[in-house]
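Notebook, cavity search. I wanted to look up the enclosed empty space in this model and what lines it.

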Amino acid sequence: MTHLLRTYIFACAIATVSLLWPATIMAQGQRKNKTAQQEEVDTVPLFRGLSVSYDLAGTVMRMVGDYGQIEGAVRVNLKDKYFPILELGYGTAKHDTDPVTGIQAKTNAPFGRIGCDINIAKNKHDDYRVLVGARYAYTNFKQEITGNINEPYWGGTVEYSMNGSNISYHWAELLFAVDAKLWGPVRLGWSFRYKTKIHGKAHDGEKLWYVPGYGKDGDALGGTFNVSIELAKRNKTVKTNK
């Protein structure tokens with residue numbers, strides 16, 4: 001009887017091991033996969049670097065047209081995803097006698113924008129970036145307008161001269177941009193921008209012809225073409241979690 005009991009217990013033990021062994025192997029495999037995933041956690045530092053850039057588009061516009069700006073920017077890289085940015089520039093306009101209105105316009109003033117871009121690319125650590133962002137911008141300027149304008153009531157022309165008072169102009173921008181590594185620390189990128197005025201208007205009897213940093217008053221679209229240099233960049237690191 002004792003022999004039969006021992007045989008029965010041994011058979012139950014063998015059956016139990018046979019049932020539990022596959023589950024044990026599966027659990028061990030899941031633990032290994034989880035450990036591997038933990039070892040590949042991206043622990044790139046918060047501060048990834050600093051870069052400076054220059055807008056070539058504004059300079060070319062001023063060279064070939066009657067208005068434009070020189071503009072530079074400083075941008076901080078946070079985890080290759082968030083890019084706080086400060087843009088500063090100096091806008092100028094010298095509009096010769098207009099064949100329609102008969103006026104001349106002149107404006108020179110600094111401007112500034114502040115905002116942040118977000119990298120929406122799938123691989124945020126890639127050399128190519130796809131960015132969306134926003135800006136708040138401000139300038140304070142004067143404009144000089146002179147010339148002969150048409151007199152609608154009496155006919156003919158009358159001489160017009162205006163040395164404007166200070167005008168404060170606030171606006172916002174939404175942008176879509178692409179940025180890519182060219183060579184070493186040098187990068188190239190362009191942005192497409194939608195602009196909307198927040199506050200700012202000419203004084204009574206005055207008309208705005210050009211707003212430094214914004215462009216022609218009333219224009220809603222704009223863009224930049226930037227060359228940038230990364231001054232410092234911390235390398236990506238991968239940390240093993242135990």
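How many cavities of 30 Å³ or more does the structure hold? I was working on a predicted model, and I found two cavities at that cut-off.

Entry, largest cavity. I noted a volume of about 270 Å³ for the largest cavity. I then listed its lining, which comes to 27 residues, and those closest to the centre are Ser53, Arg75, Ile85, Glu87 and Asn226. Next I asked which strands supply at least two residues each of this lining. I got β1 (47-55), β2 (67-78), β3 (82-95), β5 (128-141), β8 (167-183), β9 (186-199) and β12 (221-233). Of the contributors, β9 gives the most, with six residues. I sorted the lining of the largest cavity by class and counted ten nonpolar, eight polar and nine charged residues.

Entry, second largest cavity. I looked up its volume and wrote down about 60 Å³. Twelve residues line the second largest cavity, and Gly49, Leu50, Ser51, Asn77 and Glu230 lie nearest its centre. Which strand has the largest share of this lining? I found that β1 does, with four residues. I also recorded that β1, β2 and β12 each supply at least two residues here. By class, I have four nonpolar, three polar and five charged residues for the lining of the second largest cavity.

Entry, cross-check. I compared the two strand lists: β1, β2 and β12 each supply at least two residues to the lining of the largest cavity, and each also supplies at least two to the lining of the second largest cavity.

Technical notes. Residues numbered from 1 in each chain as written. Predicted model: local features only at pLDDT ≥ 70, side-chain atom pairs only at ≥ 80, totals over all residues. Heavy atoms only, no water. 1 Å grid on protein atoms, 1.4 Å probe; cavity = no way out; pocket = protein on both sides within 12 Å on 5 of 7 lines; lining within 4 Å. Points joined across faces, edges and corners; volume = space filled by probe spheres on them. Nonpolar A, V, L, I, M, F, W, Y, C, P; charged D, E, K, R; others polar.
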